[in-house]
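Work through the exercises below with the sequence and coordinates open. Each task is followed by a solution in steps.

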Amino acid sequence: RVFDRAVLVTVMRAEHASSPIRERVLERAKARSRVINQNVASLYYFGEWNARPTIVSELVAGDDLPAFVAQHKGRLPLDIAFDIIEQTLRGLEALHAQGAPHGGLRPSSVRITPQMRVVVTELAVELPAEVNGQGALMLAAPWYAAPELVDRAAHGELPEPTIAGDIFAVGVLAYSLLTGFLPTALALATSKQYRPP
């Protein structure tokens, strides 16, 4: 209110507020707050509201990538597709330089402003889940998750976000932008199931 600026406020669900996820969000928010780059949404504040972790970040004008592609009837001109990929990589490079891999890159976490500024958004977090009756983690972006991260999550291990995982995710994103298809039909492809497209 003081600065008369629109922001995005993200509040953690009450059921996760006292879990290990809380500490994970805090760690990622601290790392993310060090990143100042035009291709990464700025993080302004991390605190609590009603005992629930709360993040205040830049509200990026424009559309997320799926909406932007839909406006172009599902087919982007090559120069625009390459510009989106390059700017996304620049945003990831800024995150990686500060030791803050994204860990959940997917089309909805890439926003495009009316001025064609591409911005990587979101603070990705894995959530507890059950797979085949066993404890597991639900990855933030399963279609874009590297097989080695899926392997760890399927066994209930907390997969650390990695630079390699981000590069894999942007590779899948680029593949789908240029072909119109995902490289695998499986939402969670383990290293045993994944086959190069």
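Two strands count as paired if DSSP finds at least two bridges between them. Strands are DSSP runs of E with at least two residues, numbered from the N terminus. The model is a predicted one.

**Exercise 1. Take stock of the chain: how many helices and strands does the chain have, and in what pattern do they follow along the sequence?**

Step 1. The count gives 5 helices and 8 strands.

Step 2. Along the sequence, these elements follow the pattern β-α-β-β-β-α-α-β-β-β-β-α-α.

Step 3. For burial, the cut-off is under 20% relative accessible area. Of the 197 residues in the chain, 43% are buried.

**Exercise 2. Derive the strand order of the open sheet that contains β1, β2 and β3.**

Step 1. Start with β2 (residues 43-49) and β3 (residues 52-58), which are antiparallel and joined by 6 bridges. Among the residue pairs, Phe 46 is the bridge partner of Ile 55 in β3, and Glu 48 is that of Pro 53.

Step 2. Look at the connection. β2 and β3 make a hairpin with 2 residues between them. In the turn, Asn 50 has a positive phi of about 50°.

Step 3. Add the other partner of β3. β1 and β3 share 5 bridges, again in the antiparallel sense. Here Val 11 has Thr 54 of β3 as its bridge partner.

Step 4. Combine the pairs. The 3 strands form an open sheet in the order β1-β3-β2, with antiparallel pairing. β1 (7-11) and β2 each have a single partner strand and stand at the edges, so one side of each is left without a neighbour in the sheet. From one strand to the next, the twist averages 20°.

Step 5. Check the burial of β3. Of its 7 residues, 6 are buried, so β3 is largely enclosed by the rest of the structure.

**Exercise 3. Repeat the derivation for the open sheet that contains β4, β5 and β6.**

Step 1. β4 and β5 (residues 110-112) run antiparallel and are joined by 2 bridges. One of the residue pairs is Asp 64 with its partner Arg 111 in β5.

Step 2. The strand order is β4-β5-β6, and the sheet is open with antiparallel pairing. Its edge strands are β4 (63-64) and β6 (118-120), each of which pairs on one side only.

**Exercise 4. Decide where the buried residues of α4 lie around its axis, and whether Leu 149 is buried or exposed.**

Step 1. Leu 149 belongs to helix α4 (residues 147-154). Its relative accessibility is 9%, and the cut-off for burial is under 20%, so Leu 149 counts as buried.

Step 2. The buried residues in α4 include Leu 149 along with Pro 147, Val 150 and Ala 153. These residues cover an arc of only 155° around the axis, which puts them on the same side of α4.

Step 3. Follow the chain past the helix. After α4 comes Gly 156, with a positive phi near 80°.

Step 4. Find a contact across the sequence. Leu 149 and Gly 165 are 16 residues apart along the chain, and their C-alpha atoms are separated by 7.5 Å.

**Exercise 5. Characterise the second largest pocket: what is its volume, and which residues line it?**

Step 1. The space in the second largest pocket comes to about 330 Å³.

Step 2. The lining of this pocket has 18 residues. Those nearest the centre are Gly 74, Ser 176, Leu 177, Leu 178 and Gly 180.

Step 3. Assign the lining to helices. α2 (65-71), α3 (78-97) and α5 (163-179) each supply at least two residues. α5 gives the most, with 5 residues.

Step 4. Sort the lining by type. It divides into 13 nonpolar, 4 polar and 1 charged.

Terms used
Residues numbered from 1 in each chain as written. Predicted model: local features only at pLDDT ≥ 70, side-chain atom pairs only at ≥ 80, totals over all residues. Heavy atoms only, no water. Helix = DSSP H or I, 4+ residues; strand = E, 2+ residues; numbered from the N terminus. Axes fitted to C-alpha atoms, helices over the stretch in contact; angles between N-to-C directions. Buried < 20%, exposed > 50% of the residue type's maximum accessible area, 1.4 Å probe, protein only. 1 Å grid on protein atoms, 1.4 Å probe; cavity = no way out; pocket = protein on both sides within 12 Å on 5 of 7 lines; lining within 4 Å. Points joined across faces, edges and corners; volume = space filled by probe spheres on them. Nonpolar A, V, L, I, M, F, W, Y, C, P; charged D, E, K, R; others polar. Arc of directions from axis to C-beta.
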